[in-house]
Amino acid sequence: MPARRAALRLLDAVLRRGQPLESALAGATRDLPSPADRGLAHALAAAVLRWLPDLDALIDSATRQPLPDDAKARMALRIALAQSLRLGTPGHAAIATVLPLVDGGPRKLVHGVFGTLDRKRAALPPAPTLPAPVLLRWQESWGDGMCAAAAAALAEPPPIDLTLKDPSATAELAVRLGGASLAPGHVRVPFGGRVEELAGYDEGAWWVQDLAASLPARLLGAGPGEAVLDLCAAPGGKTMQLAAAGADVTAVEINPKRLVRLRQNLERTGLRAELVEADVMKWAPARQFDHVLLDAPCSATGIFRRHPDVLHRVRPSDIADLARVQAGLLRRAAAWVKPGGMFIFCVCSLEPEEGEAQLASLGQAGLSIDPISPDELPAGLRPREDGTLRTLPGQVEGGLDGFFIARMRRTG
């Protein structure tokens, strides 16, 4: 029961208050006694968020009048159906564990609707239905094929990508971890279990980082002794890549909690970087750098596979606001790279306003595109005609996050 109540709190935080699932997790699960219970609450909420339109369609098919979106009865039914149809919980246990969520309320309604669907052997479709606003946006931007690939990718938590501290150990670690490599310094392992229990964790041989998220630092090509500024740096995957390559890294992050996590990641891997807690729109370095990497704040719709909450809480107004922030950051940070140096702008967003549209700021920023070559990319990925890179669901077997990456050279 406590895990189901926590899942209900998580769903309320995401769907009613617009809070990120991961941010709500600590508060919603604070009274749970074990990591297993906290994991169950998270799994329940995530399963509901992955399949929300389809769960609601089943519920609506068994009621005379639609329940309000935020009704506790609907929430309880979502959790019960997610348990029985996705997590393998027997039907009698799924309904028994959610009925206390509506004590003093419509218990008969919840029991009746679930019983009707259970007797009909109701089932979910092979792949989730994307929320209608997201589907319309992405169809217009990327077409039906990408939307189908995105829906298929949403069905299950994705595999875990690891970036290796020592790329020369790729073959060895792939064998030790029972995974596969899609690029030097990368190993992909199946989802499941605790990351901390994987071989090489304790010695800091790798860190978790989606393959797409590793590409900006790879494409920057910073070498030993070069001064690199990593902006909006936490949780630190790119910082660690650059430090592992021998670069002299300054990492800037506004969020103190995320900065603590970055410091912990550096300590575990034995890598070094100068850490700065600052707002990039107010802070300025005392010098220019050989290279600058800006992983700008964005809607994060490109990481929907791991964070399905973004599909339900990000609004067009949020995307527009973030796009304005990104344009300001890009123009400001461009002045911090030396003439002739490289500047990478990237976002983990599938919204063109936050990626392709930002190229209009390049001329004002004194930057010009340095075209990405196909030879620099893992198999299955190709740069766009303008030399930038857009990663989309379905491009690589096993999937990858949606990123926009532009590599530029400072011209003046």
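In which helix is the place of Ala73? Select Ala73 and the element that carries it is helix α5, where helices (H or I, at least four residues) and strands (E, at least two) are DSSP runs numbered from the N terminus. Before going further, note that this is a predicted model, in which local features need pLDDT of at least 70 and side-chain atom pairs count only at pLDDT 80 or more, while totals for chains, interfaces and linings use all residues. Residues are numbered from 1 along each chain as its sequence is written, and side-chain values use heavy atoms, with hydrogens and water left out.

**Stop 1: Ala73**

Ala73 is buried, with a relative accessible area of 5%; here buried means under 20% relative accessible area, exposed over 50%, and partly exposed in between, with a 1.4 Å probe and protein chains only. Now add Leu67, Val102, Pro106, Leu109 and Val110 to the selection, since Ala73 touches these residues when those up to four places away in sequence are not counted, contact being defined as heavy atoms within 4.5 Å. A distance label between the C-alpha atoms of Ala73 and His111 should read 9.7 Å, although the two residues stand 38 residues apart along the chain.

**Stop 2: the second largest pocket**

Next, select Leu15, Leu52, Asp69, Arg78 and His312, which among the 21 lining residues of the second largest pocket lie nearest its centre. On a 1 Å grid over the protein atoms alone, a pocket is an open set of points where a 1.4 Å probe fits, with protein on both sides within 12 Å along at least five of seven lines, and lining residues have an atom within 4 Å of a point. The space in this second largest pocket is about 420 Å³, the volume being that filled by probe spheres set on grid points joined across faces, edges and corners. Colouring by element brings out α4 (52-61), α5 (72-86), α8 (132-142) and α14, the elements that give two or more residues to the lining. Colouring by class instead gives eleven nonpolar, one polar and nine charged lining residues, where Ala, Val, Leu, Ile, Met, Phe, Trp, Tyr, Cys and Pro count as nonpolar, Asp, Glu, Lys and Arg as charged, and the others, Gly among them, as polar.

**Stop 3: the largest nonpolar core**

Move on to Trp138, Leu231, Leu294, Phe343 and Phe345, which touch the most other members of the largest nonpolar core, a set of 80 residues. Such a core is a set of buried Ala, Val, Leu, Ile, Met, Phe, Trp, Tyr and Cys residues joined through side-chain atoms within 4.5 Å. Strand β8 (residues 337-347) supplies the largest share of this core, seven residues. Apart from this core lies another, of 45 residues, among them Ala6, Val14, Ala41 and Ala155. In soluble globular proteins, nonpolar side chains tend to be buried together.

Centre the view on Phe343, whose contacts beyond four places in sequence include Val292, Leu294, Leu330, Leu367 and Met408. Then select Leu220 in helix α11 (residues 211-220), which counts as buried at 4% relative accessibility. Leaving aside neighbours within four places in sequence, Leu220 is in contact with Val228, Leu242, His291, Val292, Leu293, Met342 and Ile344.

**Stop 4: two buried loop residues**

Ser299 is found in the loop between β7 (289-295) and α14 (310-313), and is buried, with a relative accessible area of 5%. Show the side chains of Ser299 and Ser349, which make a polar contact at 3.4 Å; a polar contact is a pair of N or O atoms within 3.5 Å, of which, within protein, one must be able to donate a hydrogen and the other to accept it, and residues adjacent in sequence count only if both atoms are side-chain atoms.

Gln358, in the loop between β8 and α16 (362-365), counts as buried at 4% relative accessibility. A polar atom of the Gln358 side chain lies 3.3 Å from the backbone nitrogen of Ala327.

**Stop 5: backbone geometry**

Finally, display the backbone of the loop between β4 (227-231) and α12 (237-244), where Pro235 lies. The peptide bond from Ala234 to Pro235 is cis, with omega near 10 degrees. Cys232, found in the loop between β4 and α12, has a positive phi of about 55 degrees although it is not a glycine, and is buried, with a relative accessible area of 18%. Arg121, by contrast, is exposed at 75%; it is found in the loop between α7 (107-119) and α8, and its phi, near 55 degrees, is a positive value in a residue other than glycine.
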